[in-house]
Amino acid sequence: GEVCNMINKKYNEFLPSMQSAEDLVSQVDGLSSNIDLLKAGIENEVQRDLNVAVAEFTELKQQLERDTLVLSILKKLQEFDTAIKEYNTALLEKKYVAAAQQLEKARSSLNMLESRKGFELKILKALGTELTVQTQNMLYHLGEEWQKLAVWKLPPSKESSSLESAVHSELHLRTVPSKEEEIAGPPVASVLQAFAVLGELHTKLKIFGQLLLKYVLKPLISYPSLQPFTEEQSDVFILRFKSEEPNLDHFSPMEVFDKIKLIFEVLHKYLLNVPLEQPAEDKKECRPTLAELLGDMIWEELSDCLIQNCLVNSIPTNSSKLEQYIEVIKSTEEFEKALKNMQFLKGDTTDLLKYARNVNSHFANKKCQDVIVAARNLMTSEIHNTVKITPDSCVTLPRLPDPGAGDHLKMQKTSKLLPNDMVNLENETKLSQYTFSLPTCRISSSVEKLMELAYQTLLEATASTDQCCIQLFYSVRNIFQLFYDVVPTYHKENLQKLPQLAAIHHNNCMYIAHHLLTLGHQFRYRLTNILCDGAATFVDLVPGFRRLGMECFLAQMRVQKGEILERLSSARNFSNMDDEENYCAANRAIRQVLHQLKRLGKVWQDVLPVNIYCKAMGTLLNTALTEVVTRIAALEDISAEDADRLYSLCRTMVEEGPQVFTPLPEDDKNKKYQEEVPVYVQKWMTFKELMIILQANLQEIVDQWADGKGPLAAEFSAAEVKSLIRALFQNTERRAAALAKIK
């Protein structure tokens, strides 16, 4: 009845002669016999007379092709129609898989029709629309069912992924009383298989997997205090979370694995233990299940999260704990096995297990990483927080096992404090007290800590597996190479600007060089066996560090020298001192230089080793004196008043110069160094001789020269003395006589 009308309505433009679906069937039969007759006709005609028959044959052949085409099209339309009818029936009875399969049948009929070239039917468009409408209808029904099967109760989105929001998340899974189950097959299976037939399963599961990762799996890995708990009611299974104080302060991978396993067991039992298609009679092999599909989608992200937030933190930081790590590896293996049994995982050793098994290498990497990070933090910390080092300062050197002790893992844990000057090379040999002594000075406390870190790490290396030992040894070498590269660049500006920092950096480098001389030696029994050709040494780094310290300090000296000369350049060449303005300028220049030196003497006080302090201050004072001598010796005319004023300027230098030497904080101890100024200031005597000349008469100058053997001759050349005489005295015969004696 009604269906026929629909068909008539749709088909009348195409085959007006059709009355009904029954007609259609009988016509199809009629056509079939027609075709048989045609076939027979062709064969007889052709055999009778080929030439005559060519034209007729062609016509008959085309007729046959047309009829065959029409027939196949009618058959497909009929199939499409039947499929849609059966789909409607199945959907009403909630036989979702059957309904979905009928829709797919209708779809393939339609695809066949559309692929016929030269046969465009207006009707196809209508059928396509019909199919789309029915598919959407079915997906809507399935979606409704799916939403009842797995219900998420999530907190409002603003508190996205925090412990807080995890506690408020729930997942409800519908369970079905067993009575119904026998009749219809579990609804879970039919809903999900129908999705699979329609090709929509992937999308649904992906969304589910993302929610599962965000609200369940990742929080369980990230927050050790989060505990899952379950509740089973008559027709629903509920998964909730509560936050409890964790019984451990750190992550235990075993606990995390147990929680994740529980979640997968629940999902497996209530939702995912479903084959993707209905069993086919002839195929007995395992079909992929939903669990496997979901596993494929989330495993990579889950295992990354487990490695980063759980295994990485469980890698021990000292070798003694490595033994216990076997448990973690075992529990990782069991975790994977359980997931495989539930079909979430397929294939062999995953990244997760590889990571756990590779613990020795991770241990070494983590240790080296920690060492380098700690070292870098020390290097970028302030240089000016200092500690005082004295020849008998103690650096905490670990006590080393005897070379013959055999088992290197049974380390004596006692540390013995050794004075700096008695570095313990073997446990028995003591070197003479001053072989390796460091002068008293100040170094950055960060550098002292850096040295302790190096010793600690080498000690750890001697107690580790070979591979780890090698890695740790090289990471200690890296510490020093890093220092060499990082510190001068990182602190560049301050090292240039602040003379005190330059001095501390100089000491730091010397201190490191000092320890590098013996560092490898103390650990050599353990290290040499592993590192080829006994490379367990740091001696090769020593010259570089000494150079680094020296260069920085010398650069600072150049800056200071530059400032001294700059200040003296404003002294108007020390000429015409009888002019008040000139005298003031010269006096100011001398005062500024002394002030600069006093300030330096203070900032280097107690920082530089005394001998270096005295050399440095002596060099700078010498720069000032040399410049003054050169300027005065070059003057062409010095009046009596000029000479007096120049003398008083020089006297200021000689009286106050030594006072800039204050290497020690206790004033009374500095006297000794102030009296030794001539030792450190090369031109000191030259300067004193110049002052004598400025005050002397001609005869006294000749006596000081004493035929080139007197004190004056020791400091000035004949030409310089003559030039000074010409400047100081007027041109008289007495002057000529004096000049004649200077040769």
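Select Arg 645 to begin: this residue is buried, with a relative accessible area of 18%, where buried means under 20% relative accessible area, exposed over 50% and partly exposed in between, computed with a 1.4 Å probe on protein chains only. The model is a predicted one, in which local features need pLDDT of at least 70 and side-chain atom pairs count only at pLDDT 80 or more, while totals for chains, interfaces and linings use all residues. Residues are numbered from 1 along each chain as its sequence is written, and side-chain values use heavy atoms, with hydrogens and water left out.

Add Glu 580, which forms a salt bridge with Arg 645, the closest N and O atoms being 3.0 Å apart; a salt bridge is a side-chain nitrogen of Lys or Arg within 4 Å of a carboxyl oxygen of Asp or Glu. Glu 580 lies in helix α21 (residues 580–604) and Arg 645 in helix α23 (residues 640–656), so the pair ties together parts that are 65 residues apart in sequence. Helices (H or I, at least four residues) and strands (E, at least two) are DSSP runs, numbered from the N terminus. Glu 580 itself counts as partly exposed, at 45% relative accessibility.

Next, select Glu 581 and Arg 572, whose side chains meet in a salt bridge (3.6 Å, N to O); Glu 581 is exposed, with a relative accessible area of 54%, whereas Arg 572 is partly exposed, at 38%.

Move then to the open sheet, formed by four strands in the order β1-β2-β4-β3 with antiparallel pairing, where two strands pair if DSSP finds at least two bridges between them. At its edges stand β1 (150–153) and β3 (226–232), each with a single partner strand, so one side of each is left without a neighbour in the sheet. Selecting β3 together with β4 (residues 236–243) shows an antiparallel pairing over seven bridges, and the bridge partner of Thr 230 in β4 is Leu 239. Glu 170, Glu 231 and Arg 240 can be selected as a group, being linked in a network of salt bridges.

Finally, select Thr 332 in helix α12 (residues 326–341), a buried residue with a relative accessible area of 0%. A polar atom of the Thr 332 side chain lies 2.7 Å from the backbone oxygen of Val 328. Leaving aside neighbours within four places in sequence, Thr 332 is in contact (heavy atoms within 4.5 Å) with Phe 257, Leu 352, Leu 353 and Ala 356.

Terms used: Polar contact = N/O pair within 3.5 Å; in protein donor to acceptor, adjacent residues only side chain to side chain.
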